[in-house]
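Student: Could you walk me through reading a ligand site? I would like to start with polar contacts and then turn to the pocket.

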Amino acid sequence: MTQLPAAQNPPASAGSATSAGSDHPKALYGGAGTRRITVRDLAAAKERGEKWPMLTAYDAMTASVFDEAGIPVLLVGDSMGNCHLGFDTTVPVTMDHMTMLSAAVVRGTSRALVVGDLTFGSYQEGPVQALRSATRLVKEAGVGAVKLEGGERSLAQTETLVQAGIPVMAHLGLTPQSVNTLGYRVQGRGDEAAHRLVRDAKAAQDAGAFAVVLELVPAELAAEVTRSLQIPTVGIGAGPDTDAQVLVWTDMAGMTGGKVPRFTRQYADLRRTLGDAARAFAGDVVGGAFPAEEHTFH
Ligand code: KIV
């Protein structure tokens, strides 16, 4: 197996059972223990001032790689619409898609907290619908938390889920389910929009959300929200001062074709690697080099 440069490897204890001697027994990334991360661990990390990484995942095998790498929180995002299911946006993703792929991610992991998205149209009707959708994700897929878009506009839904014992991550700033009204552009610019975003973040916290995703907002505003909340903020295109950072895994690993957002960083070139592998296999088949004697039964 390819070994990452040492600087990119988590401490040996990450997600492993041999972690008793870890210098950072409580650390989310590289910390000790094999039990699942919970929302209480994220609250404790905020108190310690510890930053943590989050990635999306949509299948068991990829999720197992990230779990072994020590990523403490995996989001089964409705970005699966664009990144896994071949849609143009997140809007067509259904709770059937979400439940099936969330269950796969849960099966592929043993340590990460798995958060499943409530999809467009699965909670906007109100708290009863939200509870039905979230309960399904928890019972059928086994996720440890759900995410929904909106602050004040999703207040009643958040309160109801939290009262029912379902941890909720809020999502503010650019909320892709509203692409038809917002487009894909930076949110929270200007005094009024900034105040609205701060109000939304506080409303989500007051309703009991355990964390808030801030997508595509000015860094200064994200820093202000992060300072003013007791719960962790998770940034994507929100500058360096949030408590956590999330990337869509296909962007992070260079799997996404075409243009990727400016806020992402590509840590591998999987698209090229996979294409090269497919071309090498095809060449061997066409040229008669595969299968060879060692792959053949007599
Ligand atoms: O669906 C998703 O992947 C997300 C992240 C971009 C936060 O919501």
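Student: Which polar side-chain atom lies 2.5 Å from an oxygen atom of the ligand?

Tutor: Happy to help! For a polar contact, look for a pair of N or O atoms within 3.5 Å. In this predicted model, the partner at 2.5 Å is a polar side-chain atom of S79, facing a ligand oxygen. A polar side-chain atom of D78 is placed 3.1 Å from an oxygen atom of the ligand, and for D117 the distance from a side-chain N or O atom to a ligand oxygen is 3.3 Å.

Student: How much of the ligand's 260 Å² does the protein bury?

Tutor: The protein buries 97% of the 260 Å² that the ligand exposes when taken alone.

Student: Which residues surround the ligand?

Tutor: Among them are T56, L75, G77, K147, H171, V213, E215 and I236, along with D78, S79 and D117 from our contacts. Sorted by class, this shell holds three nonpolar, four polar and four charged residues.

Student: And how do I find the space the ligand occupies?

Tutor: Rolling a probe the size of a water molecule over the atoms shows where empty space is left. Here the ligand sits in the second largest pocket, whose volume is about 610 Å³.

Student: What lines the second largest pocket?

Tutor: Its lining has 28 residues, with Y184, E215, V248, P261 and F263 nearest the centre. By class, the lining has 14 nonpolar, seven polar and seven charged residues. As for secondary structure, α3 (80-83), β4 (145-149), β6 (211-215) and β8 (244-247) each contribute at least two lining residues. E215 belongs both to the ligand's surroundings and to the residues nearest the pocket centre.

Definitions and conventions: Residues are numbered from 1 along each chain as its sequence is written. This is a predicted model: local features need pLDDT of at least 70, side-chain atom pairs count only at pLDDT 80 or more; totals for chains, interfaces and linings use all residues. Side-chain values use heavy atoms; hydrogens and water are left out. A residue is near a molecule or strand if one of its heavy atoms lies within 4 Å of it. A polar contact is a pair of N or O atoms within 3.5 Å; within protein, one must be able to donate a hydrogen and the other to accept it, and residues adjacent in sequence count only if both atoms are side-chain atoms. Accessible areas come from the Shrake-Rupley method with a 1.4 Å probe; for residues, only the protein chains shown count as cover. On a 1 Å grid over the protein atoms alone, a cavity is a set of points where a 1.4 Å probe fits but cannot get out, and a pocket is an open set with protein on both sides within 12 Å along at least five of seven lines; lining residues have an atom within 4 Å of a point. A molecule sits in a cavity or pocket if more than half of its atoms lie within 2 Å of its grid points. Ala, Val, Leu, Ile, Met, Phe, Trp, Tyr, Cys and Pro count as nonpolar, Asp, Glu, Lys and Arg as charged, and the others, Gly among them, as polar. Grid points are joined across faces, edges and corners, and a volume is the space filled by probe spheres set on the points. Helices (H or I, at least four residues) and strands (E, at least two) are DSSP runs, numbered from the N terminus.
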